[in-house]
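Hello,

Here is the structure I promised to pass on to you. Please open it and keep it beside this email, and then read on for what was found in it.

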Amino acid sequence: MSNRSTRALDLFDISHTYGDVRAVDQLSLHVDEGEVICLLGPSGCGKSTVLRLAAGLEVLQHGRVAMQERLVADGALGQSLPPELRGVGLVFQDFALFPHLTVARNVAFGLARLDAGARTARIEEVLDQVDMRDYADAYPHALSGGQQQRIALARALAPQPAVLLLDEPFSGLDARLREQIRDDTLHVLKRSRTATLMVTHDPEEAMFMADRIYLMQSGRVVQSGSPDAIYHRPVSPFVARFFTATNDLAGIVVAGAVQSPLGVLPAPGHAEGAAVQILIRPESIHLVAPGGGDGTSRIVPALVEEVRFLGNSKLLVVRLASGENRSLTLRVRHAGRHLPELGSQILLQLDPADALIFPESREGSDQYRRASTEIPDLSAG
């Protein structure tokens with residue numbers, strides 16, 4: 001349970017429409033001091049709208065927004081504090097640096113209330129945090145994309161905001177630089193203990209950055225929790241497929257289990273005779289040597305039809321080589337050094353615990369949306 005004294009941001013029952021489109025539908029979330037929370041989902045799911053409502057860049061239509069237990073917007077009352085009075089820092093996809101100002105003057109933009117000495121000290125402090133102090137007199141055009149991202153982060157952190165809001169902050173960087181910059185950014189955020197709400201469409205990025213993830217679909221949160229919990233215990237096929245590709249099979253529950261081409265899979269909680277979907281991630285299917293295996297599940301022969309080299313792993317497309325399912329093809333992610341040859345026969349084994357089983361028509365449910373706790377009444381002033 002979260003300690004309410006560390007609560008930095010609370011969104012309660014937020015809804016927002018654009019014309020006839022329900023962009024956000026009864027969404028609730030919270031961010032505590034020192035947490036990095038990721039709003040994750042496909043394009044058009046409403047995650048950037050949520051960020052804009054938290055920042056005060058959109059007029060709140062329904063629900064409430066609180067920061068540090070002070071209500072800053074109430075849709076029912078039509079009351080809302082502007083962004084500059086909410087104590088938020090913003091970093092956008094394009095960084096939005098002022099091209100005519102030096103790095104130091106960009107960082108100083110939100111520090112007008114400090115005297116000259118305190119302002120200079122704070123600029124140096126945050127530039128040190130992002131390892132950019134030597135570039136204080138440079139202009140944005142002279143910086144690389146990664147350096148510009150660091151300056152945008154420094155500028156947002158300089159006024160010591162209660163909440164930092166990041167909108168796809170790494171999407172404009174190339175893949176190798178993106179990995180390094182997000183690692184550096186995470187270290188800065190954790191050292192500063194800044195409560196952070198970040199929007200991304202990249203599941204790998206969310207799992208790397210987030211203490212908790214809120215996964216959205218069509219304006220709603222369909223599951224929230226730690227990266228480990230969401231990845232290993234998805235509540236719907238949508239959630240499972242969003243994080244990785246899956247091999248999709250079907251079956252019928254008989255005596256609490258489902259027969260599959262890769263063995264008998266336990267199906268607790270599913271009714272007798274129910275039609276179910278079986279989702280198996282490529283990395284959950286393992287290659288075993290002849291005479292190998294763990295003895296707990298079926299070993300199935302297959303023929304290698306495609307091999308794709310992915311660096312530290314290989315993606316195999318295989319076709320089962322025996323039984324009534326001999327025409328079935330599966331994708332297998334293999335992390336071993338040995339690279340099977342095209343046309344060769346291999347042996348596969350699935351740990352039954354790794355199979356994800358869902359009712360045939362289930363794609364998520366309202367019961368998985370997190371209910372937020374009440375937040376205080378609108379503060380005076």
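**How the helices pack**

Let's begin with helix α3 (residues 116-129) and α4, whose axes come within 9 Å and cross at roughly 135°. That angle makes α3 oblique to α4. As for handedness, α3 passes α4 in a right-handed crossing. Before going further, please keep in mind that this is a predicted model.

Now follow α4 to its other partner, helix α5 (residues 175-192). At what angle do α4 and α5 pack? The angle is about 20°, and their axes are 10 Å apart. Angles under 35 degrees count as roughly parallel, and α4 and α5 are therefore roughly parallel to each other. The crossing of α4 and α5 is right-handed.

**A helix inside the structure**

Next, find helix α1, which covers residues 47-55. Is α1 largely enclosed or largely open? Seven of its nine residues are buried, so α1 is largely enclosed by the rest of the structure. Buried here means under 20% relative accessible area. The buried residues of α1 are K47, T49, V50, L51, L53, A54 and A55. Right after α1 comes G56, which has a positive phi, near 90°.

**Two residues with positive phi**

Two residues in loops are also worth finding on your screen. Q68 is in the loop between β4 (62-67) and β5 (70-74). Its phi is near 50°, a positive value in a residue other than glycine. Is Q68 buried or exposed? With a relative accessible area of 56%, Q68 is exposed.

D131 sits in the loop between α3 and α4, so you can find it by going back to the helix pair at the start of this email. D131 is not a glycine, yet it has a positive phi of about 60°. The relative accessible area of D131 is 61%, and D131 is exposed.

**The largest pocket**

How much space lies in the largest pocket? The volume is about 820 Å³. The lining of this pocket is made by 23 residues, and those closest to its centre are E84, V88, F109, G110 and P159. At least two lining residues come from each of β7 (88-91) and α4 (145-157), so α4 turns up here as well as in the helix packing. The largest share, three residues, is supplied by β7. Sorted by class, the lining has 15 nonpolar, four polar and four charged residues.

**The second largest pocket**

The second largest pocket holds about 370 Å³ of space. Which residues lie nearest its centre? They are H232, A353, A355, L356 and I357, out of 20 residues that line this pocket. Two or more lining residues are given by each of α7 (227-232) and β21 (356-359). With three residues, β21 gives the most to this lining. By class, the residues here divide into twelve nonpolar, three polar and five charged.

**Where to start**

If you would like a route through the model, try the pair α3 and α4 with its right-handed crossing, then move to D131 in the loop between them. From there, look for the lining of the largest pocket, to which α4 gives at least two residues.

Happy exploring!

Conventions
Residues are numbered from 1 along each chain as its sequence is written. This is a predicted model: local features need pLDDT of at least 70, side-chain atom pairs count only at pLDDT 80 or more; totals for chains, interfaces and linings use all residues. Side-chain values use heavy atoms; hydrogens and water are left out. On a 1 Å grid over the protein atoms alone, a cavity is a set of points where a 1.4 Å probe fits but cannot get out, and a pocket is an open set with protein on both sides within 12 Å along at least five of seven lines; lining residues have an atom within 4 Å of a point. Grid points are joined across faces, edges and corners, and a volume is the space filled by probe spheres set on the points. Helices (H or I, at least four residues) and strands (E, at least two) are DSSP runs, numbered from the N terminus. Ala, Val, Leu, Ile, Met, Phe, Trp, Tyr, Cys and Pro count as nonpolar, Asp, Glu, Lys and Arg as charged, and the others, Gly among them, as polar. Buried means under 20% relative accessible area, exposed over 50%, partly exposed in between (1.4 Å probe, protein chains only). Axes are lines fitted to C-alpha atoms, for helices over the stretch in contact, and angles run from 0 to 180 degrees between N-to-C directions. Angles under 35 degrees count as roughly parallel, over 145 as roughly antiparallel, 65 to 115 as roughly perpendicular and the rest as oblique. A crossing is left-handed if the near helix is turned anticlockwise from the far one by less than a right angle, and right-handed if clockwise.
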